[in-house]
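Reader: I would like to learn how the words used to describe a structure are justified. Could you take me through this one, setting each value against its cut-off?

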Amino acid sequence: MSIRQNRDWEIKEFEVTSESVYRSRRSLLKSMGMGGLIVGTAPLLAACEDNTPIVYENDPSAPLYPVKRNTRYVLDRPTTAENLATTYNNFYEFGSQKKIWRAAQALPLRPWLVEIDGLVEKPITIAIDDLLKKMPLEERLYRFRCVEAWSMAVPWSGFALKALVDFAKPLGSAKYLQMETFLNPKKAPGQRQGWYPWPYREGLTIAEATNELAFIATGLYGKPIPKQNGAPLRLAVPWKYGFKSVKSIARFTFTEHRPVTFWEKVQGQEYGFWANVNPKVSHRCWSQATERVLGKRGRVATQLFNGYGDYVADLYKGMEGERLYT
Ligand code: MTE
């Protein structure tokens, strides 16, 4: 992972035109009899179109949304525009650039089987729509802080990860929950790159996974979560750097041993297991003191645990010897 520097000719996030502005601009040009101008300005308009959010339209889970918001989780800032959160993504299975949303549409979402295995009373494989029926869906507003020092704030829909842990009935010997993304190199060109340790893998301790903040997102902005954001199941752990929030999960494994995660294998010194947000602990190549909020000018101060310390700081008491913030 690295910070992607905008080249001079690229528009900045805050300059991106929203879909409504773009459409009204087109009708204004038309009404002025200047429709022909659209040809002359094609590259600019194409850039605007490229930032229109895409939602998976034939998702059988669509009637489940919107779900009721849980008002316990409040934001200290406005939510990020939908067209930014759904077009500026990290999803290496579909490329290492931020503009992967078109490529991600190749991901087939049905059938989608979720395996729950390892140290559980009874391993099972369950179809996503059956799982969704069993889980208590709600909406939560969460901040999100990427290790690359950009951030957003979005309304996730989904369920507390604890509900899935309870459903799985782990044995007392389980200490960690490992989560893995699908493996389908035919559809995901990034997975044909042999130098990455596919499938993408992440992990939490059982105490972290059952903390009330740990959330599985199945929706975004009151609709099924788009493919580029990790459909149909994606982790949201807002006190940790964004790379912990594994997308498109196909397997949950309860284990005694700490999983070696995807980025830990690639670059363990920079992207470790714990990855809790801390403005005082710099990345080897950049400071984590501030963040660029998508769609806003300037930077804001980053907070310890991304501002969620009241919920999670206790999880790490007595663990000072661990690299908790990398
Ligand atoms: N999950 C998978 N399977 N593959 C990925 O490349 N990238 C991670 C995380 N989950 C990633 C992933 C990183 S680095 C970030 S910052 C977030 O997804 C980005 O989430 P977003 O695109 O919804 O903002």
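Author: Let us begin with the ligand, keeping in mind that this is a predicted model. A nitrogen atom of the ligand lies 2.9 Å from an N or O atom in the side chain of Thr181. Taken alone, the ligand exposes 530 Å², and 100% of that is buried by the protein.

Reader: What makes the pair formed by the ligand and the side chain of Thr181 a polar contact?

Author: A polar contact is a pair of N or O atoms within 3.5 Å. The ligand supplies a nitrogen atom, the side chain of Thr181 supplies an N or O atom, and the separation is 2.9 Å, so the pair meets the definition.

Reader: How do you know that Asn89 and Asn90 also make polar contacts with the ligand?

Author: The reasoning is similar, although the parts of the residues involved are named separately. A polar side-chain atom of Asn89 is 3.0 Å from an oxygen atom of the ligand, while for Asn90 a polar backbone atom lies 3.3 Å from a ligand oxygen. Both values fall within the 3.5 Å limit, and therefore both pairs count as polar contacts.

Reader: Which residues come nearest to the ligand, and what classes make up the shell around it?

Author: Of the 19 residues around the ligand, those that come nearest are Tyr92, Glu93, Arg234, Ser245 and Lys247. By class, the shell has 10 nonpolar, 6 polar and 3 charged residues. The space that the ligand takes is the largest cavity.

Reader: Why is Glu139 called buried?

Author: Glu139 belongs to strand E3, which covers residues 138–145. Its relative accessibility is 8%, and because buried means under 20%, Glu139 is counted as buried. The side chain of Glu139 also makes a polar contact with the side chain of Arg69, at 2.7 Å.

Reader: Why is Gly295 called partly exposed?

Author: Gly295, in the loop between E11 and E12, has a relative accessible area of 29%. Buried would require a value under 20% and exposed a value over 50%, so 29% places Gly295 in between, as partly exposed. The C-alpha atoms of Gly295 and Ser151 are separated by 9.7 Å, although these residues are 144 residues apart along the chain.

Reader: What is said about phi at Ala275 and Phe305, and are these residues buried or exposed?

Author: Phi of Ala275 is near 50°, a positive value in a residue other than glycine, and phi of Phe305 is likewise near 50°. Ala275 lies in the loop between helix H8 (262–267) and strand E11 (290–293), whereas Phe305 is in the loop between strand E12 (300–301) and helix H9 (309–312). Their relative accessibilities are 0% for Ala275 and 4% for Phe305; since buried means under 20%, both residues are therefore buried.

Reader: Which residues of helix H6 are buried, and what phi does Lys169 take just after H6?

Author: In helix H6, residues 161–168, the buried residues are Leu161, Ala163, Leu164, Val165 and Ala168. Just after H6, Lys169 takes a positive phi of about 50°.

Reader: Where do cis peptide bonds join a residue to Pro111 and Pro199, and what is omega there?

Author: One such bond joins Arg110 and Pro111, with omega about -5°, and another joins Trp198 and Pro199, with omega about 0°. Pro111 is in the loop between helix H4 (82–85) and strand E1 (113–118), while Pro199 lies in the loop between strand E5 (176–181) and strand E6 (201–205).

Terms used
Residues numbered from 1 in each chain as written. Predicted model: local features only at pLDDT ≥ 70, side-chain atom pairs only at ≥ 80, totals over all residues. Heavy atoms only, no water. Near = heavy atom within 4 Å. Polar contact = N/O pair within 3.5 Å; in protein donor to acceptor, adjacent residues only side chain to side chain. Areas by Shrake-Rupley, 256 points an atom, 1.4 Å probe, with all protein chains shown as cover. 1 Å grid on protein atoms, 1.4 Å probe; cavity = no way out; pocket = protein on both sides within 12 Å on 5 of 7 lines; lining within 4 Å. Sits in = over half its atoms within 2 Å of the grid points. Nonpolar A, V, L, I, M, F, W, Y, C, P; charged D, E, K, R; others polar. Helix = DSSP H or I, 4+ residues; strand = E, 2+ residues; numbered from the N terminus. Buried < 20%, exposed > 50% of the residue type's maximum accessible area, 1.4 Å probe, protein only.
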